[in-house]
Amino acid sequence: MALITRVSRLFQADFHAVLDRIEEPEVLLRQAVREMEEELASAEQRSRMLKHEQRQLTAREAELEQSLHEIGEQLDICFDSGKDDLARATIKRKLETHRLCKVLAHKRQTLQETLEELDIRLRENRARLENMRQKAELLADETARARPAENWTLPDITIRDEDVEVAFLREKQHRRRS
């Protein structure tokens with residue numbers, strides 16, 4: 001049983017080595033960089049959308065605060081005029097507006113926390129992306145140095161018959177002396 005396990009491990013190791021040779025690390029690294037760039041762009045887009053939503057919530061809260069002020073003035077008029085039924089309806093609107101203000105404030109606070117977390121992740125991801133880009137550049141430089149120059153051509157090594165004759169005579173002369 002141990003022999004079968006050992007042979008199986010050797011086969012797996014050889015298979016993984018073949019796969020490692022087939023896969024080009026430079027290409028895989030560039031693909032990882034592209035995926036990180038896409039993810040970062042998506043997160044930045046989400047951040048912009050959340051900030052826009054936050055601005056809208058802030059504007060809506062300001063409108064509601066203005067409405068509360070106006071409702072307060074309307075209540076003063078209702079009580080001064082002795083219109084209790086109208087005052088009750090106005091108080092109902094005031095309570096609804098107050099609750100809506102609380103909901104919006106809570107939503108804005110939650111949105112602010114989400115934005116802060118997202119900004120932290122964006123900074124971390126930008127740093128990782130920059131690190132990956134540097135690694136990709138280093139790998140590309142190493143690969144370029146390891147590869148022979150692609151535009152290099154073989155020099156002309158054609159040997160003429162005259163060169164052969166001269167070399168032959170030199171060798172013959174050299175051997176006579178020895």
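Leaving aside its neighbours within four places in sequence, with which residues is glutamine 54 in contact?

## Glutamine 54 and its surroundings

In this predicted model, glutamine 54 touches Arg108, Leu111, Gln112 and Leu115, once its neighbours within four places in sequence are set aside. Glutamine 54 itself belongs to helix H2, and with a relative accessibility of 16% it counts as buried, because that value falls under the 20% limit used for buried residues.

Threonine 110 offers a useful comparison of separation along the chain with separation in space. This threonine is part of helix H3, and although threonine 110 and glutamine 54 stand 56 residues apart in sequence, their C-alpha atoms are 9.9 Å apart in space. Threonine 110 is partly exposed, its relative accessible area being 37%.

## The nonpolar core

A general tendency helps in reading this part of the model: in soluble globular proteins, nonpolar side chains tend to be buried together. Here the largest nonpolar core contains 17 residues, and the ones with the most contacts inside it are Leu50, Leu118 and Leu122. Two elements, helix H2 (25-81) and H3, each give two or more residues to this core, and H3 gives the most, namely nine residues.

Leucine 50 can be followed individually, since its contacts beyond the neighbours within four places in sequence are with Leu111, Thr114, Leu115 and Leu118. Both Leu111 and Leu115 appear in this list, and both are also among the residues in contact with glutamine 54.

Threonine 97 is another residue of helix H3, and it is buried, with a relative accessible area of 12%. When its neighbours within four places in sequence are left aside, threonine 97 is in contact with Leu64, Ser67, Leu68 and Ile71.

## Salt bridges

How many salt bridges does a search of the whole structure find? The search finds eight of them. One of these pairs is glutamate 37 with arginine 133, whose closest N and O atoms are 2.7 Å apart. Because glutamate 37 lies in helix H2 and arginine 133 in helix H3, this pair ties together parts that are 96 residues apart in sequence. Each partner is partly exposed, glutamate 37 at 31% relative accessibility and arginine 133 with a relative accessible area of 32%.

A further salt bridge joins glutamate 53 to lysine 107, and here the closest N and O atoms are 3.5 Å apart. Glutamate 53 is in helix H2 and lysine 107 in helix H3, so this pair also ties together parts of the chain, in this case parts that are 54 residues apart in sequence. Glutamate 53 is partly exposed, with a relative accessible area of 27%, and lysine 107 is likewise counted as partly exposed, at 41% relative accessibility.

The salt bridge between arginine 88 and aspartate 85, with closest N and O atoms 3.7 Å apart, is set within a single helix. Both residues lie in helix H3, where they are three residues apart, or about one turn of the helix. Arginine 88 and aspartate 85 are both exposed. Elsewhere, salt bridges that share partners join Glu37, Glu130 and Arg133 into one network.

## A nonpolar patch on the surface

Nonpolar side chains also appear at the surface, where Phe79, Ile91 and Leu95 make a patch of about 290 Å². Leucine 95 is located in helix H3, which covers residues 84-146. With a relative accessible area of 52%, leucine 95 counts as exposed, because exposed residues are those over 50%.

## Cysteines and disulfides

Two cysteines may be considered together here. Cysteine 78 has a relative accessibility of 6% and counts as buried, while cysteine 101 is buried as well, with a relative accessible area of 9%.

A disulfide is a covalent bond between the sulfur atoms of two cysteines. How many disulfides does the count give for this model? The count comes to zero disulfides, under a rule that requires a pair of cysteine sulfur atoms within 2.5 Å.

Note on methods
Residues are numbered from 1 along each chain as its sequence is written. This is a predicted model: local features need pLDDT of at least 70, side-chain atom pairs count only at pLDDT 80 or more; totals for chains, interfaces and linings use all residues. Side-chain values use heavy atoms; hydrogens and water are left out. Patches are made of residues with over 30% relative accessible area and no salt bridge: like charges are joined within 9 Å, nonpolar side chains (Val, Leu, Ile, Met, Phe, Trp, Tyr) within 5 Å. Accessible areas come from the Shrake-Rupley method with a 1.4 Å probe; for residues, only the protein chains shown count as cover. A salt bridge is a side-chain nitrogen of Lys or Arg within 4 Å of a carboxyl oxygen of Asp or Glu. Helices (H or I, at least four residues) and strands (E, at least two) are DSSP runs, numbered from the N terminus. Buried means under 20% relative accessible area, exposed over 50%, partly exposed in between (1.4 Å probe, protein chains only). A nonpolar core is a set of buried Ala, Val, Leu, Ile, Met, Phe, Trp, Tyr and Cys residues joined through side-chain atoms within 4.5 Å. Contact means heavy atoms within 4.5 Å.
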